[in-house]
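Here is a small set of exercises to work through with the model open beside you. Try each task before reading its solution.

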Amino acid sequence: MSPVEAIRAKARAIREHALTMVYEARQGHPGGDMSVTDILATLYFGVMRIDPQNPRWPGRDRLILSKGHASGALYSTLAEAGFIPREALKTYMQPLSMLNGHPNRNYVPGVEANTGPLGHGLPIAVGIAIAGQIDKADYRVFVITGDGELQEGSNWEAAMAAGHRKLGNLTLIVDRNTLQQGARVADTNDLEPLPDKFRAFNWDVVEADGHDHAALLGQFAPRPRVGKPLCVIAHTVKGKGISFMEDQVGWHHGVPTKAQWEQALNELSLS
Amino acid sequence: MSAPAPVASNLFDCRDSFAATLAEVAEADERIVVVVNDSLGSSKLGGFAKRWPERTINVGIAEQNMVGVGSGLANGGKIPFVSAASCFLAGRALEQIKADVAYSIANVKLIGQSPGVGYGELGPTHHSIEDLAWLRLLPNLAILVPCDPWETAEAIKAAAAHEGPVFIRVTRFPVPKLPRPAEARFAISKAEVLREGSDVAILACGVMVTRALQAADALATSGVSACVVNFGSIAPLDIEAIRAAADLGAIVTVEEHSARGGLGGAVAEVVVGYKPCPMRILGFPGFAPTGSASFLFEKFGLTADGIFRAAQEAHAARR
């Protein structure tokens with residue numbers, strides 16, 4: 001299996017887990033789980049330097065899922081990577097489960113930040129990147145935000161600081177699925193011109209198909225010592241891989257029926 | 001490190017003690033860094049920045065990012081002291097303090113500078129008389145309110161040694177250095193009995209502690225024996241010290257804070273479930289009018305005389 005084929009297989013497994021978790025818990029955020037899956041799979045199975053046996057190894061690369069509501073995808077990724085047992089996924093959002101609707105670093109090995117309220121991940125990632133800069137450490141810091149999430153002003157405080165401090169060890173990936181909870185981002189509070197905004201904050205900006213593992217691998221490759229943080233705008237489809245969910249705002253936190261769940265699993269198995 | 005000098009006739013600015021002690025602990029532990037919001041001067045951290053420029057992170061006027069960055073620095077193995085005016089730190093960044101620091105159990109030290117009405121005439125936007133109420137509801141967060149330069153230094157040392165989140169008020173209002181026995185020790189979660197008494201208990205924190213002691217002197221001359229307890233630690237709360245106060249049958253609390261939700265509220269929550277007794281809770285009734293801190297203390301009875309009268313009332317109401 002080629003590296004890209006291996007990532008694709010992991011992505012399929014993550015989608016299947018996350019879908020079933022939402023189906024069984026009768027709640028969750030499947031649309032965002034599906035849009036972010038290929039980004040997570042590429043990072044964990046093709047890019048990041050991690051040790052699931054030693055999740056707080058100081059030299060590890062960090063990933064912060066700022067859009068913490070996509071916890072189904074994150075937990076599924078951590079299970080596939082060996083941070084938590086796959087069986088634990090069955091407890092998603094069950095009473096007293098470590099797998100809360102939003103991730104908690106003190107319960108779940110591999111989780112770096114307690115996200116959920118939007119606009120928290122990027123400032124935390126900036127702090128980690130500064131620590132790495134002070135220590136001249138070679139770890140990298142990745143953070144994934146939603147696109148609607150960029151309406152939160154705290155992101156722009158952090159973006160300004162990252163550009164100012166030339167945090168070349170920081171990579172922000174925007175899961176650009178163009179939908180937010182209630183409507184299209186463009187109809188709610190438009191982000192465009194998004195690349196120009198980050199460039200104006202002294203970031204490097206690239207764009208990629210957020211479901212093309214080879215393209216993402218290329219954009220996430222180690223960068224020569226550059227004096228700028230990197231923003232990867234990953235163009236994605238909310239609900240990706242499940243025909244009736246794709247690009248449908250109602251699937252932000254929809255729950256599939258049994259028939260829909262079976263259809264979705266079938267579609268994913270063919271992906 | 002030489003001891004900070006008095007600002008006027010034996011009165012001290014606790015920020016000097018904060019800055020000197022932070023330099024001392026930072027000298028011994030290179031993980032310690034500071035994070036500020038253009039608040040180097042008002043935090044008296046100019047010397048720190050000069051000595052350790054690479055360990056001084058000024059994020060500019062951006063409090064949400066400031067606290068998030070603090071949490072990230074802790075993730076990266078640092079011990080950040082995030083120092084900003086308490087009104088902006090506790091108010092603007094409250095959700096970051098909740099999620100990124102307290103809920104995350106991040107090893108972040110939050111320094112609430114110039115709390116209470118320290119900014120006087122600048123008004124209620126710059127007063128921080130809500131911080132203790134907002135923050136004491138957050139699990140995992142230790143809250144310290146030192147009353148003088150010695151306790152400020154001890155609180156900074158304790159925070160640096162403590163693994164976990166801490167919020168410390170550092171006052172700019174000039175305070176005397178309390179006389180203490182050589183064996184005096186500061187501990188997070190421990191109240192300090194400064195004066196024994198048998199008729200009424202005065203529980204105080206921060207700037208109000210010396211006033212409470214003065215009130216106890218006056219009460220003694222009027223035949224009322226008041227004990228004075230310094231609550232340098234608001235969270236965790238010293239439950240035994242509160243029960244001992246309730247055992248006396250009359251309590252006055254006094255703090256540079258809203259009269260609702262701070263030390264007084266915390267004490268009342270314990271007293272009502274243990275041994276209800278007459279209480280007087282001294283603090284500000286709401287947004288303060290224009291005036292210096294001293295003026296506002298006078299206006300709202302946060303003085304030795306005000307405490308004296310409240311203690312007499314509580315004592316008279318004792319069952």
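**Exercise 1. Which helices and strands of chain B do the buried residues of H10(B) pack against?**

Step 1. In this predicted model, start with the buried residues of H10(B), which are Leu263(B), Gly264(B), Ala266(B) and Val267(B).

Step 2. Look down the helix axis: the buried residues of H10(B) fall within an arc of 160 degrees, so they line one face of the helix.

Step 3. Recall the general rule behind such a face. An α-helix has 3.6 residues a turn, so residues three or four places apart point the same way.

Step 4. Now list the partners of the buried residues. Among the helices of chain B they pack against H6 (131-136) and H9 (239-248). The strands they pack against are S10 (200-204), S12 (233-235), S13 (251-258) and S14 (279-284) of chain B.

Step 5. Turn to the other side of H10(B), where Glu269(B), Val272(B) and Gly273(B) are exposed.

Step 6. Finish with a check on length. H10(B) covers residues 263-274, and at 1.5 Å a residue its 12 residues should span 16 Å. The C-alpha atoms at its ends are 17 Å apart, which agrees.

**Exercise 2. Explain why strand S5 (residues 230-235) of chain A is described as largely enclosed, and find the strands that pair with S5(A).**

Step 1. Count burial along the strand: five of the six residues of S5(A) are buried, so the rest of the structure largely encloses S5(A).

Step 2. Take one pairing. Strand S3 (residues 170-176) of chain A pairs with S5(A) in the parallel sense, over six bridges. Here Leu172(A) stands opposite Cys231(A) of S5(A).

Step 3. Take another pairing. Strand S4 (residues 204-209) of chain A and S5(A) run parallel and are joined by six bridges. Ala208(A) has Ala234(A) in S5(A) as its bridge partner.

Step 4. Add the helix. Together, S4(A), helix H8 (residues 213-220) of chain A and S5(A) form a β-α-β unit, and the unit is right-handed.

**Exercise 3. Decide whether Ala90(B) is buried or exposed, then do the same for Ile7(A).**

Step 1. Place Ala90(B) first: this residue belongs to helix H4 (residues 86-92) of chain B.

Step 2. Apply the cut-off, which calls a residue buried if 20 or more other C-beta atoms lie within 10 Å of its own. Ala90(B) has 25 C-beta neighbours inside 10 Å, so Ala90(B) counts as buried.

Step 3. See what surrounds Ala90(B). Leaving aside residues up to four places away in sequence, Ala90(B) touches Gly112(B), Ser128(B), Asp131(B), Trp134(B) and Leu135(B). From Ala90(B) to Leu110(B), 20 residues apart in sequence, the C-alpha to C-alpha distance is 9.0 Å.

Step 4. Move to Ile7(A), which lies in helix H1 (residues 3-25) of chain A. Ile7(A) has 23 C-beta neighbours inside 10 Å, so Ile7(A) counts as buried.

Step 5. List the neighbours of Ile7(A) under the exclusion of residues up to four places away in sequence: Ala41(A), Thr42(A), Phe45(A), Gly46(A) and His213(A). Ala41(A) is 34 residues from Ile7(A) in sequence, with 5.9 Å between their C-alpha atoms.

**Exercise 4. Compare the radius of gyration of each chain with what the globule rule gives.**

Step 1. Begin with chain A, which has nine helices and five strands. A compact globule of 271 residues would have a radius of gyration near 18 Å, and chain A has 17 Å, which agrees.

Step 2. Add the contacts and burial for chain A. Of its residues, 54% count as buried. Among contacts with a separation of 6 or more, 76% join residues 24 or more positions apart.

Step 3. Go on to chain B, with 12 helices and 14 strands. Its radius of gyration is 19 Å, close to the 20 Å from the globule rule for 319 residues, so chain B is as compact as a globular protein of that length.

Step 4. Complete chain B: buried residues make up 59% of the chain.

**Exercise 5. How many residues does each chain bring to the contact, and which helix of chain B gives the most?**

Step 1. Chain B brings 24 residues and chain A brings 23 residues.

Step 2. On the side of chain B that touches chain A, helix H3 (63-75) and helix H5 (94-103) of chain B each supply at least two residues.

Step 3. H3(B) gives the most to that side, with nine residues.

Conventions: Residues are numbered from 1 along each chain as its sequence is written. Chains are lettered from A and ligands numbered from 1 in the order in which they are written. This is a predicted model: local features need pLDDT of at least 70, side-chain atom pairs count only at pLDDT 80 or more; totals for chains, interfaces and linings use all residues. Helices (H or I, at least four residues) and strands (E, at least two) are DSSP runs, numbered from the N terminus. The expected span of a helix is 1.5 Å times one less than its number of residues. A residue is buried if 20 or more other C-beta atoms lie within 10 Å of its own, exposed if 12 or fewer, and partly exposed in between; C-beta atoms are placed from the backbone. The arc is that of the directions from the helix axis to the C-beta atoms. Two residues are in contact if their C-beta atoms, placed from the backbone, lie within 7 Å. Two strands pair if DSSP finds at least two bridges between them. A crossover is right-handed if, with the strands pointing away from the viewer, the path from the first strand over the helix to the second runs clockwise. The radius of gyration is taken over C-alpha atoms; the globule rule is 2.2 Å times the number of residues to the power 0.38.
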